[in-house]
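Subject: Structure handover

Hello,

Here is the structure I said I would pass on. My notes on it follow below.

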Amino acid sequence: MESAKRRINHITQNLIGVNDVSSDGSNQDTSSQSSGVLEITKTFDTDSLNRYLFPYNRDMRKKLLEVWRSEPLLTQPTFGLSLKEERELSVIQFKRLLSLAKENISIWDIMNDPKKVAAFTQCYRLKNIATSTLFGVHYSLFGSSILFLGSDEQRNYYLPKVENLDLMGCFALTELGHGSNVQAIETIAEYDHSKEEFVLNSPTITSQKYFIGGAAKNANFSVVFAQLKVGEKMEGVHAFIVKIRDDSGRPTTGVKIGDCGHKMALNGVDNGRLMFNNVRIPRESLLSRYGGVNKAGIYSSPINPAIKRFAHNIGALVFGRYIVSLGSVSFSSVALGVSLRYAFSRKQFFGDDSNAQEKQLITYATHQKRLIPHLANTYAVHFGNEYFIHLLAEKDKKNDKEIHIVASALKSYASWATRDCLQDARECCGGQGFLSENLIGIFKSETEIYTTFEGDNVLLYQQVAKFILSEARRKPVPEFTVQSDSQKKQCDRKYLTSFEFLTTAMNNRLYQNIAYVTDKLTEAIGNGKSVMDAWNDSGNIILRLGIAYSEKFILDKFINGVVNCPDSTAQSVMTLLVSLYGLNIIEKDNWFLRYNYISTDQSEAIYQLIPELCKEIVPHSVSLVDALGFDGNELGATISGDWIEKNKY
């Protein structure tokens, strides 16, 4: 009976106007309508919220945004260009982006002032993502590898050349036969003491460096990761600076370079293949901050054993993962801005009112539920990113493990969330979403690789889970507990949307997953399985643990960000987003019902609440996107503005 009453209630709510939320959190019908049409209005101070969301380096941001608006070169798309033309334009744009970086930031800022680099990245308004990818490879991978792994002498010699483009670098880690399993790469660098040189070799076809951005045509130097051999001892994976092209652009002696060819997207990036045949490089080419070979031919390192050195030697990837998460927020923001504006202006099918007007797409419950949860996800990831950059900016290096795990969690969660957001936004715009000029489709294709590079998401989530399990051994988590019988009877909105209900639910899901995975691994090993086999057989529940931690972490940071917002109106609107974000997780994961954490009545109530929240957020949706700083119309997406006028013959 109670469920039936809730359904009737839900139908009634959908028959009346879109609800708004006042500053005190109460529901009231204040949507801006003219002759039954829901208009886009500014429902709170978007500039104020933007300053809260992006509080640092405001002067630099303002200056950079003016540059983007005044230089057509930077926003020129690659639509319709040949592979050769697309690559040429991307390099020209990359060089301009690098000159902007030189005017505003330094590679040293990745270490000393990461917020400044983050602010620079958040100002991108590119239509050609290959441009920022080339920049990221040269600056954030090649450059930061030297920054984090190089000696003081190597830093002082190479970093100015990176910033001035006296050399163009790439990052050769992945091999044809080894991507995620970096410790097993086959490229070998053997030290020849008689000549004080390393001899670099690719001993097998599968050992060739593969899918290396910038390698096919443009880069003349590379950071190459290889197994270091000194004497008869293997010292693990190390990084070397290798010149792969001479001054005329030809491969250097012993280096073979191939082109990976045309891709489904990002064709402005010249991904290539590298093989090495007795390539000799000076002893000083080994990036030696964490291990080097002296003139006597003796290897030494301040970090032992080799497995610990390995973690430091791939540390450059951590900042790259964060950049992926930043980019995910940006691309989701653009896609949502375009699709929401279009949904307000595009009409389809007649309503039953006396004026017989066609209904706006945004008034359809199905349309709202396809788009608005992605807006909540985008804000949630943003606040997770903000926590990470504050963590990275701290000088206390005792938080290195947390930095690594948070970066992995954010990259995985954000890239999958953006993939889904762009897909739904594309579909919600119909054929218009398929047009390149409206950006969503092209961004969808170009960001597909985000789920793969800087680490496969499934494996990154497993890294997160491994950390959580080791922390739980050190400091056991509370036992999993379900709600009390009286709590399970609470199906009202106030209770189910409360921060306490949402955080307690996420905490208990995490606690149960930790205990469950621990028990399964212990049982498997106790039955004689190797640790690797036990881990592999439990892969699906380990993945689930990594996701459970990531969603709990992001919800916590989302709540903290909203609670501290000084603008009460914007805070009330973002509170709706928090509730939607948390309830959406609960609805999608059958764990909450399977383990009897919520009652079936609560599950039904949540099912009804989610579209209600989406409907209430709709009037604020464009303002929320505007506060993120992206204007799809300014970027040139036709359907963000007066698409009828623009389609006149």
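G213 counts as buried, because its relative accessibility is 11% and the cut-off for buried is under 20%. This is a predicted model, so please read everything here as computed from predicted coordinates. G213 is in the loop that runs between β8 (209–212) and β9 (221–230). Leaving out residues up to four places away in sequence, G213 touches V137, C170, V269, D270 and N271.

The reason to look at G213 is an annotation: an unreviewed UniProt entry lists T174 and G213 under "binding site". The two positions span 40 residues in sequence, yet their C-alpha atoms are no more than 10.6 Å apart, so they gather at one spot.

T174 counts as partly exposed, at 33% relative accessibility. Its place is the loop between β5 (169–172) and β6 (188–192). Neighbours within four places in sequence aside, T174 is in contact with G179, Q208, K209, Y210 and I212.

Next, the domains. The protein is divided into domain 1 (48–164), domain 2 (169–312) and domain 3, which is made up of 317–351 + 358–628. The UniProt record (unreviewed entry) also carries the annotation "domain: Acyl-coenzyme A oxidase N-terminal" for residues 60–166. That span is 75% helix and 0% strand, and its end C-alpha atoms lie 26 Å apart.

I then looked at how domain 1 meets domain 2. Their C-alpha centres lie 25 Å apart, and the contact takes 23 residues from domain 1 and 29 residues from domain 2. About 2,100 Å² is buried between domain 1 and domain 2, with 63% of that area given by carbon and sulfur atoms. On the domain 1 side, R87, F142 and L149 lose the most area to domain 2; together they account for 33% of what that side buries.

As for polar links, 2 salt bridges are found across the interface of domain 1 and domain 2. R87 and D259 meet through their side chains in a salt bridge, at 2.7 Å from N to O. Between domain 1 and domain 2 there are 10 residue pairs in polar contact. The elements giving two or more residues to the side of domain 1 that touches domain 2 are α4 (83–104), α7 (129–149) and α8 (152–164). Of these, α7 gives the most, with 12 residues.

Regards

Methods. Residues are numbered from 1 along each chain as its sequence is written. This is a predicted model: local features need pLDDT of at least 70, side-chain atom pairs count only at pLDDT 80 or more; totals for chains, interfaces and linings use all residues. Side-chain values use heavy atoms; hydrogens and water are left out. UniProt positions are given in the numbering used here, feature names are shortened, and annotations may be inferred rather than shown by experiment. Helices (H or I, at least four residues) and strands (E, at least two) are DSSP runs, numbered from the N terminus. Buried means under 20% relative accessible area, exposed over 50%, partly exposed in between (1.4 Å probe, protein chains only). Contact means heavy atoms within 4.5 Å. Domain bounds come from an automatic or database domain assignment. Buried area is the accessible area (1.4 Å probe) that two parts lose on being put together, summed over both. A salt bridge is a side-chain nitrogen of Lys or Arg within 4 Å of a carboxyl oxygen of Asp or Glu. A polar contact is a pair of N or O atoms within 3.5 Å; within protein, one must be able to donate a hydrogen and the other to accept it, and residues adjacent in sequence count only if both atoms are side-chain atoms.
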